[in-house]
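The following exercises concern helix packing, domain contact, the nonpolar core and backbone geometry. Each task is followed by a worked solution.

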Amino acid sequence: MKNRREYDLTEGPMSGHFWRLAVPAAMGMLFATLYNVVDVFYAGMLSTEAQAGLAIGFQAFFIFMAIGFGLSSAMSALVSNAKGAKNTEDARATAAQGITYGIIATAILMGVAYFIGPALITIVSEPGGYRDAAMGYFYVLIFSLPGFFMSYGANGILQAHGDTVSMQRALMVAFVANIVLNPLLMFTLGFGFNGIAIATVLSQTGVMVWILYRVSQLEIFEGITRAAFAPDMGRFRAITAQLLPSSTAMMVMFISGFVVQFALKGFGESAIAAYGVGLRIEQILLLPVLGMTGALLPIAGQNFGGGHHNRVRDALFYCWKLGFAMTVIATPTLWFGGAYFVSLFSDDPQVIAVGASYLKVDAILFPIYMMLFSINSILQALKQPVYTLWISLYRQGFGVAAFIWLFVGVMGFDVWGVWFGIATAVASGWVIALIVVQRVAAQHMGGLFGVPARS
């Protein structure tokens, strides 16, 4: 049966496209985040030490997953541009090569992760129980890389066609499976903390199978032959050119998490656990924004590919208007409710206090994150992802390290200095991103602000 969730995003009102794409995407990410929240909850049933090990092990794993996020963005941008230009053959060839690319890259990444991951964990932890927990968790989690990597890459193809529902459904099922598998594997079958990782391997493999099936049902795959999947170096180079900056920017983001954890380890395992819990809460509140800015990529990509530059501007400004409306709800929720939300995951007073302080700073940064994410989507849609890399290198590479050092190392702040360092890097990175995106847009579509946006 053909996949009927394919849409032409170059026509019709922006509100309808954002509603159709952003809501399922946000719901999918909600269940993905709740999936992680379930892991944090069950780790907390064991100890604060287990929660700290989960935070560090997952951070190391996500560095390798960054290639998968980059492949998703690359496929969404390249296939949506081809679809917007009504070039079915180009869309078909790019999608097929993206799947082949993903298989090869996954095999390489699993080998690299086995040797590099433990070294990363050692850097940001002290010897003891929580480091041992992180190591064991990471080694098992490596086997979930195919599930994550291939499903993300294939989902980029679905997004380019306007289908965000398939991933939403997969993540909902994975969430329910995780609720069942975690206690079954941890307690009933006796795998303990590593049962969390085994549950992830099983559920994410199921997600991969479903998403690949949905891709196979797309119209562009009708009558496709095996030859279309034979490695094509020209296509591989095009995918790499789009993938590498996005993936590197994502890696820098997760490496910046290691910089933060390195700074926090001087304040004890409670601070590290609090940061891990705070990130999960932050992610839940950012979900509508992530769904919305994720929808912006295929919408802008199809319209840019079709030469509809006014509609690209309209999409960005509509996205910003929705984002500021979301800020009105999210900012006070994070500011006033932080301690309560952290207390749902830990009864350790130190974890609650430190986690609440992180969320207060995060509340102020919420609208800035929204604009940064949307700028990244526009740059990818214009097939200029290298600029997202430079912005990320400053904001999450140099900026985070330099400003944390300034506030903690030079000015002698306590854990608040870590949060102030993050905030300064984010705010200054946002200013740079605004300047960059206007200049890039001026070169490729006459600028962002030269033509009034329509609602």
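**Exercise 1.** Determine the handedness of the crossing of α11 and α13, and classify the relative direction of α11 and α13.

*Solution.* The model is a predicted one. Step 1: helix α11 spans residues 349-381 and helix α13 spans residues 415-445; their axes lie 9 Å apart, at an angle of about 15°. Step 2: angles under 35 degrees count as roughly parallel, so α11 is roughly parallel to α13. Step 3: the crossing of these two helices is left-handed.

**Exercise 2.** State which residues Trp419 touches, leaving aside those up to four places away in sequence, and place Trp419 within the largest nonpolar core.

*Solution.* Step 1: the contacts of Trp419 are Val260, Leu264, Tyr275, Val354, Ser357, Tyr358 and Val361. Step 2: the largest nonpolar core comprises 148 residues, and Trp419 is among those with the most contacts inside it, as are Val260 and Leu264. Step 3: at least three residues of this core come from each of domain 1 (8-231) and domain 2 (244-448).

**Exercise 3.** Describe how domain 1 and domain 2 are placed relative to one another.

*Solution.* Step 1: taken over C-alpha atoms, the centres of domain 1 and domain 2 are 20 Å apart. Step 2: domain 1 contributes 53 residues to the contact, and domain 2 contributes 49 residues.

**Exercise 4.** Is Lys86 buried or exposed?

*Solution.* Step 1: Lys86 sits in the loop between α2 (48-84) and α3 (88-123). Step 2: its phi is positive, near 60°, in a residue other than glycine. Step 3: exposed means over 50% relative accessible area; Lys86, at 53%, is therefore exposed.

Notes: Residues numbered from 1 in each chain as written. Predicted model: local features only at pLDDT ≥ 70, side-chain atom pairs only at ≥ 80, totals over all residues. Heavy atoms only, no water. Core = buried A, V, L, I, M, F, W, Y, C linked by side-chain atoms within 4.5 Å. Buried < 20%, exposed > 50% of the residue type's maximum accessible area, 1.4 Å probe, protein only. Domains from an automatic or database assignment. Contact = heavy atoms within 4.5 Å. Axes fitted to C-alpha atoms, helices over the stretch in contact; angles between N-to-C directions. Helix = DSSP H or I, 4+ residues; strand = E, 2+ residues; numbered from the N terminus. Parallel < 35°, antiparallel > 145°, perpendicular 65-115°, else oblique. Left-handed = near helix turned anticlockwise from the far one by under 90°.
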